[in-house]
Amino acid sequence: MDARLALLTTMDKGIPQGDVFRLALLHAVAELGGLGGAVHLRGPMSALRLVSSIGLPPALTRPWDIVAQDGPAAPARAVRRGRGVWVPAALAEPWPGTGLAAAPVFGGRRTVGSLTVLMDARGGPTREQWDFLRAVTGWVEDRMGQAPPPSRPHRIERSRGLREALDEVRVGSWEWNIRTGELTWDEAAMALYGTEAADFVPRIESWMRVVHPDDLPGTLAAAEKAIRNRDVFEAEYRVRRPDGGYRWTQARGKVVLDDAGEPVRMVGVGWDSNESPSARNALSRALRHMSDGFLSVDGDWRIVFVNLEAERTLGSSEEELIGRTLWELPAVQRVPGLEARCREAGAGGVPGGFDIELPTTGRWYHLRLVPVPDGMTCYLTDVTEKRQRAARRRAAAQAEAERASHIAELTTALAAVSTTRDVVDAAAARVLPMFGAAGLIVKAVEGNRLYSVRGSGYTREFLERLNRPDTETGPLAEAMHDGAPRFISSLEEFSERYPHLTALPTETGTRAWAVLPLTASERPFGAWVISFSHSRRLTGEERSLLTAISGLVAQALERARLYDAEHHRAQELQRGLLPRALPEAPACTTAARYLPGGRGTEVGGDWYDVIPLSAARIALVVGDVMGHGLPEAITMARLRTAVRTLADVELPPDEIMGQLNDIIGDLGDDCYATCLYALYDPTSGLCSFVRAGHLPLAVVRPDGTVHFAGSAPDPPLGAADPPFETVEMAIPEESLLVLYTNGLVDAARHGVDEGMADLARILSAAGGRDEAGLSQLCDRLTAGLLPAEHHSIDDDAALLVARVHRVAADRMASWPLPDDPRAAGEARRHIREQLAAWGLDSLLATTELLASELIGNVVRHAKGPLRLRLLQTTSLICEVFDGSQTMPRIRRAAETEESGRGLQLIAALAQRWGTRYTATGKCIWTEQELPGPDGRLSDDAALAALGTWDFDDQVAFPSLEGDGRQDTVDDRRTAP
């Protein structure tokens, strides 16, 4: 052991580092009886690089080529701990079955590497062997500091300035993040260091792998010194070529500091230093005569070399350029920001470039700046034609993109619209700007003639003129006849082709036209014209584009024509299902709106109705059958008919809703509807309503306050379980009752809650204004709650507005009657007094007879209490109330029967009559027409007052005149 140490100390102190490592490994492996050994040196960041090995084939040393300093490997442990480390065979990596003894190598106070010996599995080194390893590593530490730098076999002396600039023409640039270890190489650096871009890992370890192991220690020391001194890094070392050999390269870098003055990055360049003088001379000649302009500047940006093309570009000779500062040259003095851009590119330490325009020639050049030691190389490449081609490509691409965008917008717009009017408007809005056109006309076949569908940029009178027979031999008819487009580029060409139509362009001011057929299902059904206000010859690309657009427009128009026809039939059906006109009633003034849904919706299930009832009462109804289409419309018609029928028989609101629920239930499990039925009584001002799944009734009081009436609704029809809840509330006179469906308040732009808030706001602003008619209020509501284009909503909407009135107190009279035969006489007496007060003497006889018949029936067949009421509204209403719920019914009496003709007599004398249930029994009522302003009755009323009515046997019944003295019931229902 001592002999080996003595032998090592006799070695010369100037031996290369590679020999130092090999000698140390040789003696360490021999003394410890090892199988082989390796020396690792500490690199940047956390990596150890294998710099020497003995006894180990390359296949085994490759996993140890780069060792992570923080990893479990024995060399990394020794470097981290700063003392010897033994790794038993069971834990040894990457060679299981062998033990590893690793000793640290120090450089000053820090570890710089490790020496590792591979031993067999019998055990670790003895104390004496560890002492030997520490002595050997000490010898390595001493001799590393005395080792000379790597030498080259043929060193070529290089001059500075121009020769150095020429040496650095092919330069690879690199950037190293000192803190993170991230490394960036450009393409030239990749080629210089023999690395493919696909194989490059952007870490400092990638550079360590390609450096010759013998050159790595000195190179790492130079890098650490540059970082420590914030100085320039310079080194010359060998790198591995792709074929396995090595070549000499040089590197120069600059340390970049952060705001605190600490090193953060190193940027630099590398270049091949193997060229021979003859190669460099050839390179100099090539640079002098190269096609691109080339300059070399020193560290102060003064020109030290310029080639012939640069002289021509800058407009000066070599003698005038050498020594001048780059941005002070007359040719580039007026280039904006040239000095700042050059300095910025140089400060980055990496190659960069930008385009400049020379004011003297107006041509564009790409100025590429490549940093080299002591200066910068500059390339001037003429890119004028390239920029012009790029500009043309960009313009063409932009035009193509705009056309594609227009086509996409047109396709989307045509897919969204439904009517022919919308199709033409969508085409005009997008096609005309695309081609700079002034007008558009669409014509289609109707019967055997072309007619104008719609136009843009033309007056209605002109479009109508095109419908005349003398215009059917022009370009439109020709294009439609043979299916080929016509392109007319000037007024002269038009006049030459169609002399009989020359006046048309003169009238409109158009000077060029594109006439294209509209074809669907392989048959032409029309044509359209794109016109221009100036002469215009369309290119082949524009003609092809217009032809393609014609196909889109034709398909949309064909679809729209079918939709228009279907929509017209649907509207006719819808108009037939809804009330044609609202009835005039003394109880209220009404107005309504129905707005069909759009977006392909056919007929809808929304409806409204106003039903006059007895005693001047009025029923207001609104409903919505869920869904759209013919089945829903049929269901809606059934419900509306059922509501009118049930209302006419005077059923209460909750019973009407129960009957409707049964009807919906019979139609199937998937059929549902909502409904609101409101019954207003003008004699009491009470409103009773029932709602099945429907939105609440809006009540607008005369002062403008808005109230949504009612609690939570019952379930929709088809899902409800009767009985339904009836809500009764007093309505102030001249209030508004607003009934609506959810299509009005649940438009596409907001939800139900927001829609109802908007409804309340509009009603509050307009509800108390007497001067505002209900029709205008309906328009205001639809305009404020629905989009501007109603066809954009998904659901149809129904709206019914009623301003309620009261029957004046002096137009109502009511009397209790005794429940005995005296009732008829008292009734006649009250009638004579009241009709005299109202000036209705002409109705006295008829009214007395009607009241006598009604009271006689009650006394004979029903029970008390009895009450008589007269109402004067638009007619004279006579009502008799009793306590029985047995309803009279009219029947045909035989000739031999003495009774059974009373109701026939009532039907003959009254304009209308009927019965209804009340809370305590029933009411039998009659209505008579009031006399006109002259006090006379109409012919029918006069005949009834005379008491002449013909039965099948033509027997006449004289009128009965009460004298007020008869207290018994006079049964006058038999013929005299």
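A residue is called buried here when its relative accessible area is under 20%. By that rule, buried residues make up 50% of the 976 residues in this chain. The model is a predicted one. The chain has 29 helices and 36 strands. Among the contacts with a separation of 6 or more, 60% are between residues 24 or more positions apart. The paragraphs below take up a few places in turn.

A group of strands can be followed from strand 27, residues 697–700. Both of its faces are covered: L697 and V699 are buried on one side, and A698 and V700 are buried on the other. Strand 27 pairs with strand 28 in the antiparallel sense, over 4 bridges. These two strands form a hairpin with 5 residues between them, and G704 in the turn has a positive phi of about 95°. Strand 27 also pairs with strand 30, again in the antiparallel sense, over 3 bridges. Residue V699 shows both pairings. Its bridge partner in strand 28 is H707, and its bridge partner in strand 30 is L737.

Between strand 28 and strand 29 (727–730) runs a loop that holds P723. The peptide bond from P722 to P723 is cis, with omega near 10°.

The next element to look at is helix 24, which covers residues 752–766. Helix 24 has 15 residues and reaches 21 Å from its first C-alpha to its last, close to the 21 Å expected at 1.5 Å a residue. Its buried residues are G755, M756, D758, L759, A760, I762, L763 and A766. An α-helix has 3.6 residues a turn, so residues three or four places apart point the same way. The reader can look for such spacings in the list that includes G755, L759 and I762. What covers these buried residues? The cover includes strands 27, 28 and 30, as well as helix 23 (742–745) and helix 25 (774–785). The paired strands described above are thus met again here, as part of the cover of helix 24.

Another helix, helix 26, spans residues 822–838 and contains H830. Is H830 buried or exposed? With a relative accessible area of 15%, H830 is buried, because the cut-off for buried is under 20%. Leaving aside neighbours within four places in sequence, H830 is in contact with W815 and L817.

Loops can hold buried residues too, and T873 is one of them: T873 lies in the loop between strand 33 (866–872) and strand 34 (875–882). T873 counts as buried because its relative accessibility is 18%. Apart from neighbours within four places in sequence, T873 is in contact with P586, A616, V807 and L930. L930 is 57 residues from T873 along the chain, and the C-alpha atoms of the two are separated by 8.9 Å.

A616, one of the contacts of T873, is itself in a loop, between strand 23 (604–612) and strand 24 (618–628). A616 is buried, with a relative accessible area of 8%. A616 has a positive phi of about 65° although it is not a glycine. R230 likewise has a positive phi, of about 50°, and is not a glycine. R230 lies in the loop between helix 9 (216–229) and strand 9. Where A616 is buried, R230 is partly exposed, with a relative accessible area of 36%.

The last topic is the empty space inside the model. How many cavities of 30 Å³ or more does the structure hold? It holds 8, and the largest has a volume of about 260 Å³. Of the 18 residues that line the largest cavity, F462, L466, L476, F494 and L504 are the closest to its centre. Strand 17 (439–446), helix 17 (475–482) and helix 19 (503–508) each supply at least two residues of this lining. By class, the lining has 13 nonpolar, 4 polar and 1 charged residues.

The second largest cavity has a volume of about 140 Å³. It is lined by 13 residues, and those nearest its centre are W174, W176, I204, W207 and F233. Strand 7 (172–177), strand 8 (183–185), helix 8 (204–210) and strand 9 (232–240) each supply at least two residues of the lining. Which classes do the lining residues of the second largest cavity belong to? They divide into 13 nonpolar, no polar and no charged.

Note on methods: Residues numbered from 1 in each chain as written. Predicted model: local features only at pLDDT ≥ 70, side-chain atom pairs only at ≥ 80, totals over all residues. Heavy atoms only, no water. Expected span 1.5 Å × (residues − 1). Buried < 20%, exposed > 50% of the residue type's maximum accessible area, 1.4 Å probe, protein only. Contact = heavy atoms within 4.5 Å. 1 Å grid on protein atoms, 1.4 Å probe; cavity = no way out; pocket = protein on both sides within 12 Å on 5 of 7 lines; lining within 4 Å. Points joined across faces, edges and corners; volume = space filled by probe spheres on them. Nonpolar A, V, L, I, M, F, W, Y, C, P; charged D, E, K, R; others polar. Pairing = 2+ DSSP bridges.
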